Amino acid sequence: SDIIAVHSAHPSAPLSLAARVVSFGEKDLSRLDQERIALRIPAMRLSVYMVPKETAHLVLSAVVPPASDSYWQKRYSGEGRAIPAEHYPTWTESILRVAATPLTAAEIKQQLDLPEAIVKAVLNRIAFEGRLLRVGAMSLRSNIIRYVATEAWLGSTFASVAQDQALAWLAGEYLRSFGPARIKDFQWWTGVTAARAKAAIATLDTVDVGNGLLLPASDLPGFEKQKPPASDAVDLLPQWDSYTMGYAPDGRARFVTPDMQHHVYGKLGATGGNALGVVLVNGLAHGSWTSRFTGSRMNVTLNMFEKTT
């Protein structure tokens, strides 16, 4: 809850948590799902995050357009993911009935007469509406997910919150977690319009510490007393970590110099502008890293910007 959410994919989710929790292991990750401590929902920039159960409805309401929004008609009208409007309500009702317990997309398809080509598109759309949840695999390295009806998993549907009210709450959480930061950073992180981001920040009691960098006013005394660590600190953060995904491209100089930013974020076509794993030394990026699995072994490729001692 200190960082609002972590990207849902494995191994990024468990590694982001392990970087921040004194003791975090495989059993702890499975507890987040099985004990409904965290929920996997569409969130910032419409990516899937793990979010604490208590705040999931607020995050969903703040950044995901409602089901009535014309955005969804456009999103699911393209080739390969077009969902027939006349069938969608019936399919949704059938899926929610079948998914009373977590099932994979293939298992849902086996029980229902759905076109195989668009099963996942239909499941994704229902999830964006908050009526279907993802449940992660028990393994730290597997990304096989199952789907379950929100009402069946939680005992109720998500509480309804007005978009602007929810976004104002999220703006406060963002500045508490990521500040000092600019309105532009908040807009990039959420994926909302500039106008909505500005209006949400305007509801808060903030202090500008320079160059448009805002803090909650209550955090200013602690911020001014903060001192650099006494000794060298090394942090290993995974791909899509909350910190490296928290700021607009021109706001990342706090942890990676502009001339080295391409090592962490790559070319837009190669990474989508998303952060790779990063090695921080005293808060500054000195290397990036990627990983892939061969069986149960995680192979890491390390790219240090300069030769190390």
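The legends below describe several close-up views of a predicted model.

**View 1. The open sheet formed by strands β8, β9, β10 and β11.**
Four strands lie side by side in the order β8-β9-β10-β11, and their pairing is antiparallel. The edges of this open sheet are β8, residues 234–237, and β11, residues 297–304, each of which pairs on one side only. From one strand to the next, the twist averages 25 degrees. Strands of a sheet are held together in pairs through backbone hydrogen bonds, and the pairing may be parallel or antiparallel. Strand β10, which covers residues 284–294, pairs with β11 in the antiparallel sense over eight bridges, and G287 can be found opposite M304 of β11.

**View 2. Helix α3 and the elements that cover it.**
Helix α3 runs over residues 53–63 and is mostly covered, with eight of its 11 residues buried. The buried residues are A56, H57, L58, V59, L60, S61, A62 and V63. Their cover includes the strands β2 (38–42) and β3 (48–52), together with the helices α7 (119–128), α9 (163–178), α10 (183–190) and α11 (194–202). In an α-helix there are 3.6 residues a turn, so residues three or four places apart point the same way.

**View 3. The largest nonpolar core, with I95 and its contacts.**
The largest nonpolar core has 74 residues, and the members that touch the most others are I41, V59, I95, L170 and F186. V59, one of these, is also among the buried residues of α3. When neighbours within four places in sequence are left aside, I95 is in contact with I108, L112, L114, V122, L123, I126 and L132. Another core, of seven residues, lies apart from the largest one, and its members include A13, L17, L29 and L32.

**View 4. A13 in helix α1 and its contacts.**
A13 belongs to helix α1, which spans residues 12–18. A13 has a relative accessible area of 0%, and because buried means under 20%, A13 counts as buried. Leaving aside neighbours within four places in sequence, A13 is in contact with V6, H7, S8 and M50. Of these, M50 is 37 residues from A13 in sequence, while the C-alpha atoms of the two residues are 7.7 Å apart in space.

**View 5. A salt bridge between D241 and R20.**
Side chains of opposite charge can pair when their charged atoms come close. Here the side chains of D241 and R20 meet in a salt bridge, with 2.8 Å from N to O. The pair links distant parts of the chain, for D241 is in the loop between β8 and α13 (261–265) and R20 is in the loop between α1 and α2 (26–34), 221 residues apart. D241 counts as buried, at 0% relative accessibility, whereas R20 is partly exposed, with a relative accessible area of 34%.

**View 6. E129 with its two arginine partners, R125 and R131.**
The side chain of E129 meets that of R125 in a salt bridge of 3.8 Å, N to O, and it also meets the side chain of R131 in a salt bridge of 2.5 Å, N to O. R125 is buried, with a relative accessible area of 11%, whereas R131, at 35% relative accessibility, counts as partly exposed. Elsewhere, R182, K184, D185 and D250 are joined into one network by salt bridges that share partners. In the model the count comes to 10 salt bridges.

Key
Residues are numbered from 1 along each chain as its sequence is written. This is a predicted model: local features need pLDDT of at least 70, side-chain atom pairs count only at pLDDT 80 or more; totals for chains, interfaces and linings use all residues. Side-chain values use heavy atoms; hydrogens and water are left out. Two strands pair if DSSP finds at least two bridges between them. Helices (H or I, at least four residues) and strands (E, at least two) are DSSP runs, numbered from the N terminus. Axes are lines fitted to C-alpha atoms, for helices over the stretch in contact, and angles run from 0 to 180 degrees between N-to-C directions. Buried means under 20% relative accessible area, exposed over 50%, partly exposed in between (1.4 Å probe, protein chains only). Contact means heavy atoms within 4.5 Å. A nonpolar core is a set of buried Ala, Val, Leu, Ile, Met, Phe, Trp, Tyr and Cys residues joined through side-chain atoms within 4.5 Å. A salt bridge is a side-chain nitrogen of Lys or Arg within 4 Å of a carboxyl oxygen of Asp or Glu.
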